Amino acid sequence: MEALLEGLGESVWRDLLRQETATPYFAALAERVAQDRRNGAVYPPSGLTWTALTETPFSATRVVILGQDPYPGPRQAHGLAFSVARGVPTPRSLQVIFDELQTDVDGFMPPGHGHLQSWAQQGVLLLNTRLTVQHGRPNSHASIGWERLTGAIIAAISEGKARGDVVFVLWGGSAQGAGRSYIDRAKHHVLEAAHPAYAVGARVPFRGCRHFSRANAILRSRGLPPVDWLLPI
């Protein structure tokens, strides 16, 4: 179990999750992830599982972008939802996100990389509903306990933050299901659209959702600084 917690550190997040990480379900989750690591590749690498939390402290969180799985290919996942490390080709879903940013945010240009760390460091929590995945097997770590753990993270934000001080951005059915279960919608703003990997034909399409400018408008209305969505070239 301690191997899975590697990288989380003695943070406020760990304190908030202390009750969850002491449960039998978390012990079973940790053993399953450890077993799959022994038998093959699991992403992100051990030690990067909690990057979303270590890059974005609880106190700084003002936007939550909720994803689904880490990317299941080599070198792609590094613990931030939708992000890839510099030097890794930009996945399709992130290309679609960049296309939307170009139409929604003045001055945005694709930066030539897919590293979203600058967003995380401004208080944008880039959280997947499942924090690990087996190589080449999307959804392979669905329903092994991650959804309960990340649900506790979402609930802690919803409960612990002042009314209206967080914008939850939910792309796709998995994220929206978690939102229905754990977010107090009478208290916080919620933006929903299709997952960017399925940008065509959805009831609420991703293209044209303008979630980036809408999130900033909400933050400004609360007297909070907007997010600089431009990424360093």
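The lining of the largest pocket in this predicted model splits into 8 nonpolar, 6 polar and 1 charged residues. That makes 15 lining residues, and Gln68, Asp69, Tyr71, His195 and Ala197 are the ones nearest the pocket's centre. The pocket holds about 330 Å³ of space.

Just before His195 in the numbering comes Ala194, which sits in the loop between S6 and H10. Ala194 counts as buried, at 10% relative accessibility.

**The enclosed space**

There's also 1 cavity of 30 Å³ or more. The largest cavity takes up about 90 Å³, and 16 residues line it, with Pro70, Gly79, Leu80, Ala81 and Asn128 closest to its centre. What sort of residues make up this lining? They come out as 11 nonpolar and 5 polar, with no charged residues. Strand S3 (residues 124-128) is the top contributor, putting 3 residues into the lining.

**The nonpolar core**

Now for the core. The largest nonpolar core runs to 66 residues, and Trp119 and Trp229 have the most contacts inside it. Helix H8 (residues 146-160) supplies the largest share, 6 residues.

Who does Trp119 touch, once residues up to four places away in sequence are set aside? Its contacts are Ile97, Leu101, Val124, Leu126, Phe212, Asp228, Trp229 and Leu231. So the two tryptophans named for the core touch each other, going by the contacts of Trp119 and the core's best-connected residues.

**Helix H10, one side in and one side out**

Phe212, one of those Trp119 partners, belongs to helix H10 (residues 211-221), where the buried residues are His211, Phe212, Ala215, Asn216, Ile218 and Leu219. Why do they count as being on the same side of H10? Because they cover an arc of only 160 degrees around the axis. The background is familiar: an α-helix has 3.6 residues a turn, so residues three or four places apart point the same way.

The face turned away from that buried side carries Arg220 and Ser221, both exposed. As for what lies over the buried residues of H10, the cover includes strands S2 (63-67), S5 (167-171) and S6 (189-193), along with helices H6 (92-104) and H7 (117-120).

Ser213 is in H10 too, and this one is partly exposed, with a relative accessible area of 24%. Ser213 and Leu101 are 112 residues apart in sequence, yet their C-alpha atoms are 8.9 Å apart. Just after H10, Gly223 takes a positive phi of about 75 degrees.

**Backbone oddities**

Most residues other than glycine have a negative phi, and most peptide bonds are trans. This model has exceptions to look at. Arg75 has a positive phi near 70 degrees, and Phe82 has one near 75 degrees. Arg75 lies in the loop between S2 and H6, as does Phe82. Are they buried or exposed? Arg75 is exposed, at 57% relative accessibility, whereas Phe82 is buried, at 7%.

The peptide bond joining Tyr43 and Pro44 is cis, with omega at about -5 degrees. Pro44 is found in the loop between S1 and H5, and the loop between strand S1 (42-43) and helix H5 (51-55) also holds Thr49. Thr49 is buried, with a relative accessible area of 4%. Leaving aside neighbours within four places in sequence, Thr49 is in contact with Leu4, Arg37, Pro44, Leu131, Thr132 and Trp146.

**Two arginines in helices**

Arg14 is in helix H2 (residues 12-16), and at 15% relative accessibility it counts as buried, the cut-off being under 20%. Beyond residues up to four places away in sequence, Arg14 touches Glu2, Leu5, Leu8 and Gly9. Arg38, in helix H4 (residues 24-39), is exposed, with a relative accessible area of 57%.

Here are the C-alpha separations for some residue pairs:

| Pair | Apart in sequence | C-alpha to C-alpha |
|---|---|---|
| Ser213 and Leu101 | 112 residues | 8.9 Å |
| Arg38 and Ser59 | 21 residues | 36 Å |
| Ala194 and Arg38 | 156 residues | 35 Å |

Terms used. Residues numbered from 1 in each chain as written. Predicted model: local features only at pLDDT ≥ 70, side-chain atom pairs only at ≥ 80, totals over all residues. Heavy atoms only, no water. 1 Å grid on protein atoms, 1.4 Å probe; cavity = no way out; pocket = protein on both sides within 12 Å on 5 of 7 lines; lining within 4 Å. Points joined across faces, edges and corners; volume = space filled by probe spheres on them. Helix = DSSP H or I, 4+ residues; strand = E, 2+ residues; numbered from the N terminus. Nonpolar A, V, L, I, M, F, W, Y, C, P; charged D, E, K, R; others polar. Core = buried A, V, L, I, M, F, W, Y, C linked by side-chain atoms within 4.5 Å. Buried < 20%, exposed > 50% of the residue type's maximum accessible area, 1.4 Å probe, protein only. Contact = heavy atoms within 4.5 Å. Arc of directions from axis to C-beta.
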